[in-house]
Structure formats: C-alpha cells, structure tokens
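Colleague: Please take a close look at one part of this model for me, the strands of one chain and what lies around them. Keep it brisk.

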Amino acid sequence: MSSRTSRTGGPARAGQYLALLAYLVFLAFPFLWLISTSFKPSRELGSLHPTWIPKDPTLANYRQAFDEQPLLEAAGNSLVAALTAALVAVVIATPMAYVMARHRTLLARAATGWVVVSQAFPFVLVIIPLFLVLKNLHLINSLPGLIMVYVVWALPFALWMLVGYVRAVPPELEEAAAVDGASKLRTLVSVTAPLLAPGIVATALFAFITAWNEFFFALVLLKTPEKQTLPVVLTHFLGAEGAADLGPLAAAAFLATLPSLVVFAVIQKRITGGMLAGAVKS
Amino acid sequence: MRAEGLMRAPRPDRPDHPRRPRRSRTLAAVLALVTACGLLSACSDDDGGSDGRITLRFQSLAWQKESVDANKELVREWNATHPDVRVEYVQGSWTSVHDQLLTSFEGGEAPDIIHDASDDLADFAYGGYLADLGELLPRRLKSDIPQASWDTATFGGKVYGVPFLQEPRVLIANAKWLRESGARIPTPEKPWSWPEFRSVTRELTEGKGKFGVAWPLKEPVSATLNLSLSTGGKLFHRRADGKAEIRFEAADEVLPRTVHDQVNVDRSASSATLGMGGSDTLPGFFGGKYAMVPLGFSYRQQIAQQAPKGFDWQVLPAPAGADGLAQGVSPQTLSVAEDSPHKKEAARFIDFFLRPANMVRLARGDWMLPTGKEALKDPALRTEKDDWAIGTALAEHLRPAPAQSVRGYPEWMDKIATPALQEYYSGAIGMDELRERLVEDGNLVLKRYQR
C-alpha cells in the first residue's frame, strides 16, 4: 500500500483531491442551498441575485412549517416505520444471507435469482395487488401494514448486501472455531456475528433510509392525516403545476434530512471501520 | 492464514478498544423499545368506532395556508351544524393525486368526496369510479354554475364533478416599464390583439438581456391549446361518427407562430424561459429582465408575497383574437366516489361547501375565480386591489380546455405535442414539421384509443 502511495506524484495527487473536492461540492450544494433557502424571507426567495447567506435571516419559514403541518407527528410516524422496518429486515435477512452464502445449493441459487428478478418490479406494477392484499388483511391505513411493505421492499436488496458481507468472512475462521471446540451456535455468535456487524449496520442503514424517504406507498396506504409520514406531509407544501411554498418547504425538508444525517454520523464508523481488522493474519 | 484467539475477536471499528457491552445493550434496548412501542401503538389504531353517525371522507388538495384554512373552516362549520353527517378532512397533494386516487379506487378505499381538476377526471369517469352527480345536486347549484363550466366535467352526457374554481391565463406586467414605454394599456373591454401584443413586446425590449415578455413554457401544450381558443383554434375536432381527430388549421397557427417569432425573429421574448415553470420566471420579472410574464391568475399571490418593496405590477388580459378573449380552462372540481355508500350526503356537503359566500372564501384563499355566478358578483372579487376585477371580467370568456375529454389526449400530449412544441418554440423545427407531427403522429395515437 505504501509503495503504491509513494508512486503517486504531486500533480496526480493534487488532481485527485481537486476531483474529490469538486465531488463534495456537487454533493453538498443542494443541501447547503436548502439550508440557506430555509432561512430566507419570501422576498429574498424571489431575488434575481440570490445570496448564500440570507440578507435578512428569519425563522418564519420554520414557524410556518410547524404551524401548517403536523411535522413532529409525521416525523414520529416515519421514525417508527423506518426503524422497525430496518430492524425487522435485518433480523430476517441476516440468517437468510448466511445460508445463501455458505450453502450453495440449487435452492440458494434459485433464491438469489428470484431476489434479482424481484428488483425489476416497478412500484406501479405491485401497488394495486399489494393494496388489495393489505386491505384483506385489514392493514390499510395502519403503520404495521406500511412497515410490512417496507420490510418486503427492503428485503431483497438487504439480502443481496448481506450475502456479500457473509462471503467476505473467511470460512476458515469458523473452521478454526470448530477445531477449538466451539459449537455452531457459539461460532456464529462469537466469531461470525462480530465480523458481520459493519455489514449488518450498513444494511440496516440502507433499509432505514429507504423507508424514511419512501413516499408512494405511504401516500397510497395511509389515509388519515395523523398516520401520514414525513415525505407525504412534505408534499402538502407543493401545489399544482410545480408551484411550491418554497420557504416552509425548505425548512421542513431540512428538518426531514436531519435524522438520516444523525443516524449516518453515529454509525458511519461501524461501516467504514476495517471489517476484518485484527481477525486474520496472513 | 490462521485465526487468532476466538474469544478476543475485536470490535471491527476499534481493534484496540475494550468492548463496551453496556452501551450496545442500551442501544439495543432503546431500539427494541421504540420498535415495540411503534408496533403496539400502531396496532392499537383502528378506523374509529361506529357511533351511528355517517362519516364522509373529504380529500382536499388545498395547499396554500389561506386556502387550507378556508377549507378547514367550512368543514368545521358543516360538522357543527350537521351532527348526523360528520365530514373528515383529509389533505391530499396535487403532485400525485392521479396515481393515489387510481389505487384507492381499485382497492375500494377512495375518499367519499374528491377534490381534483377537470382535466384529470376523464379516466376516472370512463372507468366508472365516479358517481354521476346529475340527479344528486340541487337545482340551486346547477343553475349557479354556467353551462360552459359544467361542460368541463361532463363526460358522455353525465356530470362527474362540480367545477368550482378556475383561473384564466393573464399577462402580469411591470407597470412602470409598461407606462414608460408609452404602449396602450389593454383592458378586458379593449384587449390587445395578437399582432398588437407582438408589436408591444418589440417596443418593450431594450436589448442587453431585457425582454418584452418571458413565456414560461415548461408545459407548453395546455398554454398553447387554451390560449389558441381566442384565435378560433380548436385542434381537436369531432367527426360525424363521434370520433376525435386532430386538424391544425390557420387559426391554430396564430399563437404558436407569435411565440416562435417573438423568440426567434424579434428576440423580444427570452429563449431561456421556454423550459421554465411559472415560478421560475419571477426572479427575472422582479429583477427587471422581463416586462411581462403570461401566468395563471393565481400567481398574483406569489407576486404579492415575493415582489420587492415598491415593485409596481399589474394584471392585463391575455391578447384577443377572432374569438375575442376566449380561452380554455380546467377548473378544480369536487366529485363523489361511485363506491361511496353515502352519495346523497356527499352531494349535500358539496352543495353547502359551494354556497356563494363559501365559494368566495375558497376563491380568495386560492387567489382564483369561482365558477358560481352569484359568487362572482361579490364585491370582494371585484376590487381593484391585486387586480381581482380584471380576472372577474374575464370569467365569462372561459371555456372548457380543448381535448380534455378526448381519450388518448394525455399520451398525445406527453409523447407528441410537448416535444414538438418545445422544438418549434426554440426554433429547432419549422411550422410544417410541427403540423406534421401534431396531426399525423397525433392521429395515430388517437386511433389506438378509438378503435
């Protein structure tokens, strides 16, 4: 690694950093603009020469957003739906992924193929049958119904991700544990699970963010205002033909992104940390 | 390779750190608690007990504060005076109403009373999802709304919605700029003709990025078709056998040619705004780049809120043609779901909701015009303030938007007309190619829907 680093020349390294900086700016621009917009009074929003820093910053957009829409209630619904969906998806997907990665049977291959195929179904194709199924189960207009959909929706990709993580854990570790006399369960709990933790966290994060941002299922399945989730409530700031109540929308959208940011900030080390650091010596 | 001691498998992110089981357990406990609470609280929810009263769900698409307030107040007033029929207010969204309603209809879970727009009703009406309101509505309401408005929500001779709010397209002008140019100020009684409008925009254009007009034509089809009614352009015609066909005649050419020439010949219209929505043009309008912007009447609200202090603006009628100030509109509508078990009660609520005084409140909340003749007489809608009077004077000229009841129109609009008009307005294609694409390609689309 160090020899490769030393071969990278100064200009090349500068170019790399420049590209990275450009990419970061590209990613950060909409978010920073959103924050800036959320603090601007309506007259500044119509300015031909907008500024990054609001000339006359105000919290009026936040006040209006909270006054007009039940943001806290909706955020609570979103949090419950997203957290539950993420946990359940991971709990189901982890043992499935282990079996599919370690036992390459015909069934496992067929299951993998089905997972890939299931990703090709568009929302519009499944929404009406899904609606009817949930209606028969009396799960329309209920968070458990929505959570069930989110779990099913997240499961294929979660499974796909976790199979990769399981395959990256060398079977030799489990074999060594068996040689040392550990039972299968003990091996899974004490060896495999800790090594899989970053993958499980990454998968949970993926499932959480997917559910947190999901709009269409929530729109269709939840009927009463007190059960609606945040993405649905955010559209209440939008009118016909692209008209929008821009200030309150920006304020509410900024608040809606905060939980994702916080969750990511808290657990990112678990994702980026070396997955097998210290476990194996070459 | 060999494995290190089993019992010392380190935390992957902190290889040298001692484990912190308490924190992990606490986190797990909190997550489990949240999950359990969520499931329990959600499971305990139900659709409400039955107390013998009828409950109607009213899905409203009102989104601006004044409009939402007006809607909610009216629902409260109804509920206070009608204890036997309770109306539950449900807020929907314009951005996804079609898909949401379609799913709800298919699943038998649609709201009883549905707020939408007339140009979105055709599929639902032909699909049997909406109730025919012909026999349900009282005579008062039927006679209060002009036939031209009823026509917008009538499909196959049946009425599937009550049109109640509408807005003409108007010119919103920088009043100071217009005054200083010396141009004649048009009025509803004496509007500009299309050639006069083109001439005025040439005069107003000052070069250096200052244009006489900015056409926001991100969605060019409805603007083109609706304004073309003023020149007698219909585009969609009914044959003797009742089937629709597209013909692009001399009257249909006037508006597209005017816009095309303003952008590409006179340079009096900004080419940059052709791909913009109405709101996107406002900063340039406030910043003195454009003297006029053709917009829906309700955009006055945004302008009143966002215009810089001292910015002097005014509303002008859109130019007139051979058919005067006629233009097409797709009013907002209230419909009743066919599956609703309480259609009569829903119709009673609609009648209450659209009483003249209530229609005025709704119109003011949305900065739009009511369809009701009595509501239009209200002094609050004839005031000079914010040029309400100009819009009210235009109400009698509003007609159903062309083609909204033609099956296959949405596909023609998306696949044929939108790209063809965008290319024509930007100068990429000429009038002959525009005609060929709108008519020949368009009729092929319609044919598929009319077999």
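Modeller: **Strands and surroundings in chain B**

Strand S2 (residues 54-60) of chain B and S3(B) pair in the parallel sense, joined by seven bridges. One of the pairings in register puts B:Thr55 with B:Arg86 of S3(B) as its bridge partner. Strands here are DSSP runs of E with at least two residues, helices are runs of H or I with at least four, and both are numbered from the N terminus. Two strands pair if DSSP finds at least two bridges between them.

This is a predicted model, in which local features need pLDDT of at least 70 and side-chain atom pairs count only at pLDDT 80 or more, while totals for chains, interfaces and linings use all residues. Residues are numbered from 1 along each chain as its sequence is written, and chains are lettered from A and ligands numbered from 1 in the order in which they are written.

Step back to the sheet. It is open and has six strands, in the order S3-S2-S4-S15-S7-S16 (chain B), and its pairing is mixed. Strand S3 (85-91) and strand S16 (369-370) of chain B are at the edges; each has a single partner strand, so one side of each is left without a neighbour in the sheet. Helix H14 (residues 356-366) of chain B packs on this sheet, where it touches strand S7 (162-166) and S16 of chain B. The direction of H14(B) makes about 45° with that of S7(B). Axes are lines fitted to C-alpha atoms, for helices over the stretch in contact, and angles run from 0 to 180 degrees between N-to-C directions.

Now to strand S8 (residues 169-174) of chain B. Six of its six residues are buried. Buried means that 20 or more other C-beta atoms lie within 10 Å of the residue's own; exposed means 12 or fewer, and partly exposed is in between, with C-beta atoms placed from the backbone. In a regular strand the side chains alternate between the two faces of the sheet. In S8(B), B:Arg169, B:Leu171 and B:Ala173 point one way, B:Val170, B:Ile172 and B:Asn174 point the other way, and all are buried.

S8(B) has partners. Strand S12 (residues 290-296) of chain B pairs with S8(B) in the antiparallel sense over five bridges. There, B:Val293 of S12(B) is the bridge partner of B:Ile172. Strand S13 (residues 313-317) of chain B also pairs with S8(B) in the antiparallel sense, again over five bridges. In that pairing B:Leu316 of S13(B) stands opposite B:Leu171.

How do these pieces sit in domains? Chain B has domain 1 (54-166 + 330-398) and domain 2 (169-317 + 407-449), with bounds from an automatic or database domain assignment. Their C-alpha centres lie 28 Å apart. At the junction, 12 residues of domain 1 of chain B are in contact with 11 residues of domain 2 of chain B. Contact means that the C-beta atoms of two residues, placed from the backbone, lie within 7 Å. Helix H16 (residues 388-394) of chain B gives the most to the domain 1 side, four residues. By class, that side has seven nonpolar, two polar and three charged residues. Nonpolar covers Ala, Val, Leu, Ile, Met, Phe, Trp, Tyr, Cys and Pro; charged covers Asp, Glu, Lys and Arg; the others, Gly among them, are polar.

One residue gives a counterpoint. B:Asp99 lies in helix H3 (residues 97-107) of chain B. B:Asp99 counts as partly exposed because it has 15 C-beta neighbours inside 10 Å. Its C-alpha atom and that of B:Ile303, 204 residues apart along the chain, are separated by 31 Å.

For the whole of chain B, the secondary structure comes to 18 helices and 17 strands. Of its 451 residues, 50% count as buried. Among contacts in chain B with a separation of 6 or more, 77% are between residues 24 or more positions apart.

Last, confidence. pLDDT is the predictor's confidence in each residue, from 0 to 100. Chain B has a mean pLDDT of 89, and 89% of its residues reach 70 or more. Over residues 1-49 of chain B, pLDDT stays under 50, and the model has 58 contacts there beyond four places in sequence. The model scores ipTM 0.77 and pTM 0.82.
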